[in-house]
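Here is a short report for a first look at a structure. Please keep the sequence and the 3D view open while reading.

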Amino acid sequence: MTIKQISIFLENRKNALSELTNVLAEHKISIRSLALADTSDFGIARMLVDNPEQVQAALERSHYIVKMTPVIAVEIPDEAGSLNRILKVLADNNRNVEYMYGFGGRKTNSAYMIIRCTDVEETERVLEKNGIRTASEAELFKD
């Protein structure tokens, strides 16, 4: 199941991240997951939020450069080798992982790995065929 991820381009400067989170707080936006990547000049904040279209519009009104990207949320059991098993399935099926990041789930003994691949639909088919469970947006944001 495809998840909509918001990517926000930020200048790599003092207070840029706190300015972003201030806009999110003003709009009462809850962040489920956040990953940061940076270079010397700019950074990318990738996040999962419960209403990505609303968040994208609010950030664009605040003059941020925002992109919505399809990603996959894979449930990872909390046991040795779980991530390796999933990455081996992807490698054996010629799926390229562009980037990924994890966060703790609301279930016990599990977490989620957010995976961005070049062909999301085909990657989802490969995961399903190999018995690897993906999560929906509704599942990630339910209380």
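The sections below take up two helices, a nonpolar core and the pairing of strands.

## The model

This is a predicted model. Every value below is computed from it.

## Helix α1

Helix α1 spans residues 16–26. Its buried residues are Ala 16, Leu 20, Val 23 and Leu 24. They cover an arc of only 100° around the axis, so they sit on the same side of α1. The face turned away from that buried side carries Ala 25 and Glu 26, which are exposed.

What do the buried residues of α1 pack against? Three strands take part: β1 (2–11), β2 (31–38) and β3 (42–49). Helix α2 (52–61) is also a packing partner. Just after α1 comes Lys 28, with a positive phi of about 55°.

## Helix α3

Helix α3 runs through residues 82–92. Here Ser 82, Ile 86, Val 89 and Leu 90 are buried. Seen down the axis of α3, these buried residues fall within an arc of 95°, and therefore they line one face of the helix. Asn 84 and Asp 92 lie on the other side of α3 and are exposed.

The cover over the buried residues of α3 includes the strands β4 (65–77), β5 (97–104) and β6 (110–117). Helix α4 (120–129) is part of that cover too. Asn 94 follows α3, and its phi is positive, near 55°.

## The largest nonpolar core

The largest nonpolar core has 14 residues. Which of them have the most contacts inside it? They are Ile 6, Ile 8, Leu 20, Leu 59 and Tyr 64. Four elements, β1, α1, β3 and α2, each supply at least two residues of this core.

Ile 8 has a long list of neighbours, not counting residues up to four places away in sequence. It touches Leu 20, Leu 59 and Tyr 64, which are also among the core residues with the most contacts. Ile 8 further touches Gly 43, Ile 44, Ala 45 and Met 47. Ile 65 and Val 66 complete its list.

## Strand pairing around β1

Strand β1 pairs with β4 in the antiparallel sense, over eight bridges. In this pair, Gln 5 stands opposite Thr 69 of β4.

β1 also pairs with β3, again in the antiparallel sense, over six bridges. Phe 9 has Ile 44 as its bridge partner in β3. Ile 44 is also touched by Ile 8.

Methods. Residues numbered from 1 in each chain as written. Predicted model: local features only at pLDDT ≥ 70, side-chain atom pairs only at ≥ 80, totals over all residues. Heavy atoms only, no water. Buried < 20%, exposed > 50% of the residue type's maximum accessible area, 1.4 Å probe, protein only. Arc of directions from axis to C-beta. Contact = heavy atoms within 4.5 Å. Core = buried A, V, L, I, M, F, W, Y, C linked by side-chain atoms within 4.5 Å. Pairing = 2+ DSSP bridges.
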